[in-house]
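Visitor: I would like to learn how to read burial, helix faces and charged pairs in a model. Could you walk me through them?

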Amino acid sequence: MLADLRCSARDLYRCGGRRLAAYDSAVSSSLTVRPARVEDVVQMARVNARCWQETYRGLMSDAVLDDPGFLAARERFWTAALTDERYRENRVAVAERDGELVGIAMSGPPLDAAAAWARQLYVLYVYAADHGTDAGPALLEAVVDPEESAALWVADPNPRAQAFYRKHGFVADGTAQVEGGVREIRMVRGMQHSR
């Protein structure tokens with residue numbers, strides 16, 4: 001079926017919209033979003049490190065992004081997130097395409113017990129090559145119920161990510177911080193459902 005749907009770059013403009021939609025559907029159909037498992041840790045760390053490099057290059061020090069120990073630190077982090085009792089209320093999911101992880105997400109209770117939202121999105125990364133696919137929305141929904149009030153911090157500037165979160169109901173609440181040398185703004189959603 002895919003052979004019938006392929007278009008050469010030269011013929012791209014001659015391919016009908018229906019044909020491109022069918023191709024996009026066939027390509028994205030291999031995406032699976034599922035709960036993360038301990039055996040995913042090495043791939044999760046790779047996704048985390050590469051997405052940081054893709055997202056934060058120019059916003060964060062190259063020394064941090066290219067630190068040879070960064071990958072091992074991410075492996076330790078994800079191992080703890082999936083095995084340590086302290087994180088038992090977290091939800092961790094991965095997006096997988098053709099046996100390879102292309103995205104990761106994690107939410108949990110807010111660190112601030114007085115927060116007005118029920119859930120905090122701590123991690124949502126998808127490879128740049130998979131931006132605009134269904135990976136990001138599927139990961140978000142896997143770790144934050146659409147009816148749950150939630151908050152997150154997003155790099156500023158990062159217009160693509162901010163637009164993604166706005167599309168999914170988050171709005172900037174005017175709060176900003178600097179974390180690891182990166183300016184971040186807080187975005188919240190569903191405050192009428194606060195706990």
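Guide: Happy to! Let's begin with burial: a residue is called buried when its relative accessible area is under 20%, exposed when that is over 50%, and partly exposed in between. Keep in mind that this is a predicted model.

Visitor: Is R186 buried or exposed, then?

Guide: R186 counts as buried because its relative accessibility is 18%. The residue is found in strand β7, which spans residues 182–189.

Visitor: Which residues does R186 touch, leaving out those up to four places away in sequence?

Guide: Its contacts are W117, A151, L152, W153, V171, A172, D173 and T175. With one of these, D173, the side chain of R186 makes a side-chain polar contact of 2.7 Å. R97 offers another case: this residue of strand β2 (residues 91–97) is buried at a relative accessible area of 12%, and its side chain is joined to that of D130 by a polar contact of 3.0 Å.

Visitor: How do I read a helix face? Which residues of α7 are buried?

Guide: The general idea is that an α-helix has 3.6 residues a turn, so residues three or four places apart point the same way. In α7 (residues 159–167), the buried residues are A161, Q162, F164 and Y165. Seen down the helix axis, the buried residues of α7 fall within an arc of 155°, so they line one face. The face turned away from that buried side carries the exposed residues P159, R160 and K167.

Visitor: What covers the buried residues of α7?

Guide: The cover includes β4 (119–126), α6 (135–143), β5 (150–155) and β7. After the helix comes G169, with a positive phi near 90°.

Visitor: Now the charged pairs. How many salt bridges are there?

Guide: A salt bridge here needs a side-chain nitrogen of Lys or Arg within 4 Å of a carboxyl oxygen of Asp or Glu. By this rule the count is 12. One of them pairs R34 with E96 at 3.3 Å, N to O. R34 sits in strand β1 (residues 31–35) and E96 in strand β2, 62 residues apart, so to speak of distant parts of the chain is fair. Both R34 and E96 are buried, and a network of salt bridges links them with D40.

Visitor: Where do D156 and R183 lie?

Guide: D156 is in the loop between β5 and α7, and R183 is in strand β7, so the pair ties together parts 27 residues apart in sequence. Their closest N and O atoms are 2.3 Å apart. D156 counts as partly exposed at 25% relative accessibility, and R183 likewise at 38%.

How values were computed: Residues numbered from 1 in each chain as written. Predicted model: local features only at pLDDT ≥ 70, side-chain atom pairs only at ≥ 80, totals over all residues. Heavy atoms only, no water. Helix = DSSP H or I, 4+ residues; strand = E, 2+ residues; numbered from the N terminus. Buried < 20%, exposed > 50% of the residue type's maximum accessible area, 1.4 Å probe, protein only. Contact = heavy atoms within 4.5 Å. Polar contact = N/O pair within 3.5 Å; in protein donor to acceptor, adjacent residues only side chain to side chain. Arc of directions from axis to C-beta.
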